Every structure is written in structure tokens, then in C-alpha cells.
Amino acid sequence: MSNSLSKWFAALLSVLLLYFVPAGESARRQDDLSRIVVFQTVTKFVDSVRTKGYVTPQMYNGFLQELEVTGNLYKVEMEHQHKRYHPEYGDPADPGTFQNHFSVVFDSFYTDDIMSILFPPSDLAKDDPDRRYKLAAGDFFNVKAYRLNRTPYSVFSEALTGSGSGDKSGVVFPYGGMVLNEDY
């Protein structure tokens with residue numbers, strides 16, 4: 001009895017080692033490669049926007065197409081912080097007294113604001129300058145990419161560990177920085 005039990009255990013262990021371990025490693029490598037592609041794609045897009053000082057529909061669509069190469073679904077959030085300087089004045093009773101300094105205020109514009117300029121409801125050509133979202137030097141531009149689906153590695157590891165968290169989304173890569181140029 002114990003001899004047949006050890007044979008079944010050895011057969012089960014060999015199946016695990018021959019099939020499940022290589023499949024898990026392959027899924028993990030695919031997950032790592034997709035993270036690298038997302039890292040490079042987001043970095044290239046944000047650096048391009050920071051260098052040029054604008055976003056066009058072609059740039060945005062190319063960015064989304066490069067993200068689709070990974071085989072995962074992504075939600076992209078963009079944020080533009082426009083820097084403005086406000087002069088500081090003295091006492092409200094004497095409103096004309098300038099205090100010789102300025103306060104810095106950032107006006108934030110988000111994905112919906114940017115998309116309304118890139119893809120307006122009118123029938124403008126894709127290369128029309130009115131569809132160009134412009135940023136100023138000194139502004140900040142940030143992008144966050146959220147993965148919307150579960151990768152094969154997350155499904156595989158949840159099946160093996162029995163965690164069953166079902167967590168599909170997560171920030172894959174946030175990146176941003178100061179706009180360096182206005183090339184428009």
C-alpha cells in the first residue's frame with residue numbers, strides 16, 4: 001500500500017515539475033516583459049510631450065497602440081499642472097500695495113480636459129493645429145497607466161496559492177516631469 005502511494009506521489013510531483021513550473025515561469029516572464037514595454041512606452045510618450053510641449057492625437061494614439069502590444073488592457077490618466085504666478089498685495093484696506101513677491105499656483109487639467117482638445121466633437125483633421133494640446137515650459141505633465149485585466153501569471157499564482165484575491169487593476173507605471181520646451 002505504501003509503495004503504491006509513493007508511486008502516485010512521485011507521479012504527481014513529476015507532473016508538477018514537468019508542466020506547471022515551466023508554465024508558471026513562462027507566464028512570469030511574459031508579465032515582466034509587459035512591464036518593461038509599459039515602462040518604455042510611458043517614458044517615451046511623457047518625455048516626448050515634455051520635450052515638444054504639446055500632445056497631438058497621433059502621439060496619443062501611437063502611445064495606446066504601443067501599450068496594446070503587451071496584450072493587456074490599460075486605462076491611461078494624464079495630468080497637466082499649469083504654473084501661474086500671482087502677485088501678493090498687502091492689507092485688504094490698502095489693496096494697491098505690492099509686497100514685492102509672487103505666489104506660485106498650479107492649475108490642474110486632467111484626462112477629460114486633454115481629450116476634449118485632442119478629440120473634439122467637430123470634424124477637424126487629425127493634423128489640425130487646433131487639436132494640439134499645448135503646454136508651457138515650467139508646467140508639469142504626468143501619466144499613470146492602470147492595468148485593467150489579470151495577467152496569466154496572476155491567474156496562475158492565485159490558482160496555486162489559493163489566494164483568489166481577484167485584484168485586476170493596479171498602477172503599472174506612473175511617470176512625469178517638468179515641460180522643458182515649447183516647440184509649437
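Is Asp31 buried or exposed? In this predicted model, the relative accessibility of Asp31 is 6%, and the residue therefore counts as buried, the limit for that class being under 20% relative accessible area. Asp31 is part of helix H1, and, when residues up to four places away in sequence are not counted, it touches Thr151 and Tyr153. Confidence across the protein averages a pLDDT of 86, with 92% of the residues scoring at least 70; the highest mean, 96, belongs to strand S1, whereas the lowest, 76, belongs to helix H4, which spans residues 152-161.

The largest nonpolar core comprises 23 residues, of which Phe45, Val55, Phe141 and Val143 touch the most other members. Two or more residues are given to this core by each of helix H1 (2-52), strand S1 (54-55), helix H2 (57-68), strand S2, helix H3 (111-118) and strand S5, and the largest share, 5 residues, comes from H1. In soluble globular proteins, nonpolar side chains tend to be buried together.

Strand S5, formed by residues 140-147, presents two faces: Phe141, Val143, Ala145 and Arg147 lie on the covered one, while Phe140, Asn142, Lys144 and Tyr146 lie on the uncovered one. Such a pattern may be read against the general rule that in a regular strand the side chains alternate between the two faces of the sheet. Strand S5 runs antiparallel to strand S2 (residues 74-89), to which it is joined by 8 bridges; Lys144, from the uncovered face of S5, is the bridge partner of Glu77.

Further along strand S2 lies Glu88, which has a relative accessibility of 27% and therefore counts as partly exposed. Once neighbours within four places in sequence are left aside, Glu88 is in contact with Thr97, Phe98, Gln99, His101, Phe102 and Ser103. For one of these residues, His101, the C-alpha atom is separated from that of Glu88 by 5.9 Å, although the two residues are 13 apart along the chain.

In helix H3, the buried residues are Thr111, Ile114 and Leu118. These residues lie on the same side of H3, because they cover an arc of only 70 degrees around the axis. An α-helix has 3.6 residues a turn, so residues three or four places apart point the same way. The cover over the buried residues of H3 includes S1, H2, S2, strand S3 (98-110), strand S4 (133-134) and S5.

Aromatic contacts were also examined, and a search of the whole structure finds 8 aromatic pairs. Between Phe45 and Tyr60 the ring centres are 6.5 Å apart and the planes stand at 65 degrees, so this pair is edge-to-face. The two residues are 15 apart and link distant parts of the chain, with Phe45 in helix H1 and Tyr60 in helix H2, and both Phe45 and Tyr60 are buried. A stacked pair is formed by Phe173 and Tyr175, with 5.9 Å from centre to centre and 20 degrees between the planes. Within this stacked pair, Phe173 counts as buried because its relative accessibility is 15%, whereas Tyr175, with a relative accessible area of 26%, is partly exposed. Ring pairs also link Phe45, Tyr60, Phe63, Phe119 and Phe141 into a cluster, in which Phe45 and Phe141 are among the residues that touch the most other members of the largest nonpolar core.

Note on methods. Residues are numbered from 1 along each chain as its sequence is written. This is a predicted model: local features need pLDDT of at least 70, side-chain atom pairs count only at pLDDT 80 or more; totals for chains, interfaces and linings use all residues. Side-chain values use heavy atoms; hydrogens and water are left out. Buried means under 20% relative accessible area, exposed over 50%, partly exposed in between (1.4 Å probe, protein chains only). Helices (H or I, at least four residues) and strands (E, at least two) are DSSP runs, numbered from the N terminus. Two strands pair if DSSP finds at least two bridges between them. A nonpolar core is a set of buried Ala, Val, Leu, Ile, Met, Phe, Trp, Tyr and Cys residues joined through side-chain atoms within 4.5 Å. pLDDT is the predictor's confidence in each residue, from 0 to 100. The arc is that of the directions from the helix axis to the C-beta atoms. Contact means heavy atoms within 4.5 Å. Rings of Phe, Tyr and Trp (its six-membered ring) pair if their centres lie within 6.5 Å; planes under 30 degrees apart count as stacked, over 60 as edge-to-face and the rest as tilted.
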